[in-house]
Amino acid sequence: MSLNFIKVVITTILLSVTTACTTAPQNQASLEKNLITDQKIPTANNQSATNRPPKKTATISVEGEKTTVDLKLYQAPNLFSIYFPEK
């Protein structure tokens, strides 16, 4: 009985190793090649930030109460721009 159990375990291990080490089907490999078609590097175009005022005021809601906040413009060169609280 012990010999039959060992044969079953060895057969299971060999079967799982052989199925795990197989190569991908041909149609799957062709799909992967089609996914990488264009490798252009995106460049940031931050022209809209030049028209923004350096400071502005916004109203936010804190725990249901509206509060006025002064915001300052931050511009990262050729990357992005964002307003953040002055304090």
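**Exercise 1. Overall architecture**

What pattern does the chain follow when read along the sequence?

*Solution.* The model is a predicted one. Begin with the count of elements: the secondary structure comprises two helices and three strands. Next, place these elements in sequence order, which gives the pattern α-α-β-β-β.

**Exercise 2. Burial, surface and contacts**

Determine what share of the residues counts as buried, and describe the surface and the contacts of the chain.

*Solution.* Of the 87 residues in the chain, 8% are classed as buried. The accessible surface amounts to about 8,200 Å², and carbon and sulfur atoms contribute 59% of that area. For the contacts, consider those with a separation of 6 or more: residues 24 or more positions apart account for 28% of them.

**Exercise 3. The sheet**

Establish the order of the strands in the sheet, and identify the strands that stand at its edges.

*Solution.* The three strands form an open sheet in the order β1-β2-β3, with antiparallel pairing. β1 (55–62) and β3 are the edge strands; each has a single partner strand, so one side of each is left without a neighbour in the sheet. From one strand to the next, the twist averages 40°.

The pairings can then be examined in turn. β1 and β2 run antiparallel and are joined by eight bridges. One residue pair to locate is K56 with its bridge partner in β2, L71. Strand β2 (residues 65–76) also runs antiparallel to strand β3 (residues 80–85), and six bridges join these two. Here Q75 has S81 in β3 as its bridge partner, and A76 stands opposite F80 in β3.

**Exercise 4. The two hairpin turns**

Find the residue with a positive phi in each hairpin, and state how many residues lie between the strands.

*Solution.* Start from the general expectation: most residues other than glycine have a negative phi. In the hairpin of β1 and β2, two residues lie between the strands, and E63 takes a positive phi near 50°. E63 is not a glycine, yet has this positive value. Its place is in the loop between β1 and β2.

Is E63 buried or exposed? A residue counts as exposed when its relative accessible area is over 50%. The value for E63 is 82%, so E63 is exposed.

In the hairpin of β2 and β3, three residues lie between the strands, and N78 in the turn has a positive phi of about 55°.

**Exercise 5. Surroundings of K66 and P85**

For K66 and P85, give the strand, the accessibility class and the contacts beyond four places in sequence.

*Solution.* K66 belongs to strand β2. Its relative accessibility is 68%, and K66 is therefore classed as exposed. Residues up to four places away being set aside, K66 touches T59, I60 and S61.

P85 is found in strand β3. With 44% relative accessibility, P85 counts as partly exposed. If neighbours within four places in sequence are left aside, P85 is in contact with V69, D70 and L71. The C-alpha atoms of P85 and L71 are 4.5 Å apart, although 14 residues separate the two along the chain.

**Exercise 6. Aromatic rings**

Decide how the aromatic pair of the model is classified, and find the lysine that lies over the face of Y83.

*Solution.* The count comes to one aromatic pair. In this pair, the ring centres of Y74 and F80 lie 6.1 Å apart and the planes meet at 55°, so the pair is tilted. The reasoning rests on the cut-offs: planes under 30 degrees apart would be stacked, and those over 60 edge-to-face.

Next, consider the accessibility of both partners. Y74 has a relative accessibility of 41% and counts as partly exposed. F80 is partly exposed as well, at 36%.

The remaining step concerns Y83. The lysine is K56, which lies over the face of Y83 at 4.4 Å from the ring centre. K56 is the residue met in Exercise 3 as the bridge partner of L71 in β2.

Notes:
Residues numbered from 1 in each chain as written. Predicted model: local features only at pLDDT ≥ 70, side-chain atom pairs only at ≥ 80, totals over all residues. Heavy atoms only, no water. Helix = DSSP H or I, 4+ residues; strand = E, 2+ residues; numbered from the N terminus. Buried < 20%, exposed > 50% of the residue type's maximum accessible area, 1.4 Å probe, protein only. Contact = heavy atoms within 4.5 Å. Areas by Shrake-Rupley, 256 points an atom, 1.4 Å probe, with all protein chains shown as cover. Phe/Tyr/Trp six-rings, centres within 6.5 Å; stacked < 30°, edge-to-face > 60°. Lys NZ or Arg CZ within 6 Å of the ring centre and 35° of its normal. Pairing = 2+ DSSP bridges. Axes fitted to C-alpha atoms, helices over the stretch in contact; angles between N-to-C directions.
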